[in-house]
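Okay, thanks for making the time, everyone. Let me put the model up and we'll walk through a few spots together.

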Amino acid sequence: MTPTDAPHHPRRLIVLGSTGSIGTNTLAVAEHLTRTAIQPFQVVGLTANTAAPTLAQQATQHRCPSLALADPHTPFPANPGLDPTVFRGPNAAEQLVHETDADTVVAAIVGAAGLPPTLAAIQLGRTVGLANKETLVAAGPLVMPLVEQHGSTLLPIDSEHSAIFQCCPELGSQNSSPKPAIRKITLTASGGPFRNASKAAIRNATPEQALKHPTWSMGPKITVDSATMMNKTLEIIEAHHLFGLPADQIDVLVHPQSIVHGLVEFADGSTLAQLGPPDMRTPIQVALTWPDRLPGCSDRPDWSMMSQLEFQPPDLDRFPALLLARRVIDQGGSTGATLNAANEAAVDAFLNRRIPLGRITELVTDALDATPTTPITSLDDVLEADQQARRFVEDRLASSPVSA
């Protein structure tokens with residue numbers, strides 16, 4: 001779609017997790033759109049965990065009136081020219097969402113910590129740009145009905161889910177349009193730093209090796225998830241909730257160039273794909289400006305230099321995390337919250353050199369085996385399953401410690 005000739009009113013924007021990779025790119029896109037007078041944005045809320053100096057710089061640059069810091073003890077730099085409201089503590093981001101009028105909320109807090117403020121934005125009927133895949137993985141049975149109930153609009157920012165949405169917007173579960181006849185959707189994966197590594201090399205990889213992603217620049221947790229391909233497990237589960245498709249209609253292909261981000265295959269044999277360079281500013285802008293298509297600030301590929309695009313099925317023996325996606329989708333209930341929390345705890349242990357990389361998937365599988373599946377009817381149900389999984393991983397590590 002093309003923008004109308006009428007001037008756009010400023011959109012009030014909250015960025016949850018503004019100091020991370022997605023957050024900083026979101027602010028860059030908003031600044032570009034405002035500077036070019038295509039679609040102005042007014043940044044009204046920013047949140048961070050402990051990165052107070054960066055948050056203060058962002059607040060000054062964007063004249064942001066409301067901020068949130070999850071760590072209540074981190075000092076916030078004084079700025080005589082700006083006197084923002086600063087919410088403090090573990091519930092600060094959720095409080096900011098409740099007390100700050102906004103049109104769009106970009107949910108970019110990594111992990112389960114992003115769930116409460118994202119739910120708050122949905123319950124307020126905001127347009128939510130979802131970059132936090134854990135929200136739907138842990139609480140999909142709760143989130144999607146709330147989107148419908150409160151008239152919120154949920155737009156995916158993960159590059160793969162944005163690709164599927166761009167190819168077929170009617171797939172959005174909150175979209176009332178008739179669903180097209182879909183045979184399957186395919187999410188692509190770069191293969192991470194260990195695409196061609198042996199099973200032993202993957203199992204014993206160090207944090208330094210796991211954090212060297214070949215095509216994307218991301219935070220440490222997401223990069224480790226890419227190394228184990230747990231990120232694709234999370235994305236399959238997210239796609240199930242977001243697009244309302246069963247597990248057998250969601251496929252994964254390894255595509256090391258990271259140019260094709262997603263494909264939609266229709267029942268008549270036609271396939272649509274979304275292509276672009278590995279630049280998160282594109283899916284971010286799609287979410288910020290939908291349904292308009294506006295000039296962006298992302299890099300442009302030189303298609304004349306693109307001699308080869310490779311695709312291959314993932315190796316489930318070397319990347320067994322992918323086998324967990326169908327299990328979570330089929331079992332439903334609290335299994336998504338269990339998987340997500342166990343993975344977060346195991347990734348933290350790996351980054352702190354308590355376990356080798358290969359132990360992450362084993363711990364997650366053990367947590368799923370040991371934890372009963374319960375219904376998800378409230379945020380408390382999600383948080384209980386989350387804490388139970390974290391306790392399991394910590395107890396297992398304490399009883400059988402393994403140094404990386």
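So, to start: is E31 buried, partly exposed or exposed? This is a predicted model, by the way. E31 comes out at 35% relative accessibility, and since buried means under 20% and exposed over 50%, that makes it partly exposed. You'll find E31 in helix α1, residues 21-35. Leaving aside residues up to four places away in sequence, E31 touches Q61 and H62. Q61 sits 30 residues from E31 along the chain, with 10.0 Å between their C-alpha atoms.

Okay, on to the sheet. It's an open one with seven strands, paired in parallel, and the order reads β4-β3-β2-β1-β5-β6-β7. The edges are β4, 85-88, and β7, 153-156; each has a single partner strand, so one side of each is left without a neighbour in the sheet. On average, neighbouring strands here are turned by 20° against each other, ignoring direction.

Let's look at the β4 edge. Strand β3, residues 66-69, runs parallel to β4, and four bridges join them. If you want a pair to click on, A68 has F87 in β4 as its bridge partner. Packing on this sheet is helix α2, residues 52-62, which touches β2 (41-48) and β3. The direction of α2 makes about 170° with that of β2.

Last stop, the surface. L275, W303, L309 and F311 form a nonpolar patch there, together showing about 350 Å² of accessible area. W303 belongs to the loop between α11 (281-289) and α12 (324-331). With a relative accessible area of 43%, W303 is partly exposed.

That's my tour; over to you.

Technical notes
Residues are numbered from 1 along each chain as its sequence is written. This is a predicted model: local features need pLDDT of at least 70, side-chain atom pairs count only at pLDDT 80 or more; totals for chains, interfaces and linings use all residues. Side-chain values use heavy atoms; hydrogens and water are left out. Patches are made of residues with over 30% relative accessible area and no salt bridge: like charges are joined within 9 Å, nonpolar side chains (Val, Leu, Ile, Met, Phe, Trp, Tyr) within 5 Å. Accessible areas come from the Shrake-Rupley method with a 1.4 Å probe; for residues, only the protein chains shown count as cover. A salt bridge is a side-chain nitrogen of Lys or Arg within 4 Å of a carboxyl oxygen of Asp or Glu. Helices (H or I, at least four residues) and strands (E, at least two) are DSSP runs, numbered from the N terminus. Buried means under 20% relative accessible area, exposed over 50%, partly exposed in between (1.4 Å probe, protein chains only). Two strands pair if DSSP finds at least two bridges between them. Axes are lines fitted to C-alpha atoms, for helices over the stretch in contact, and angles run from 0 to 180 degrees between N-to-C directions. Contact means heavy atoms within 4.5 Å.
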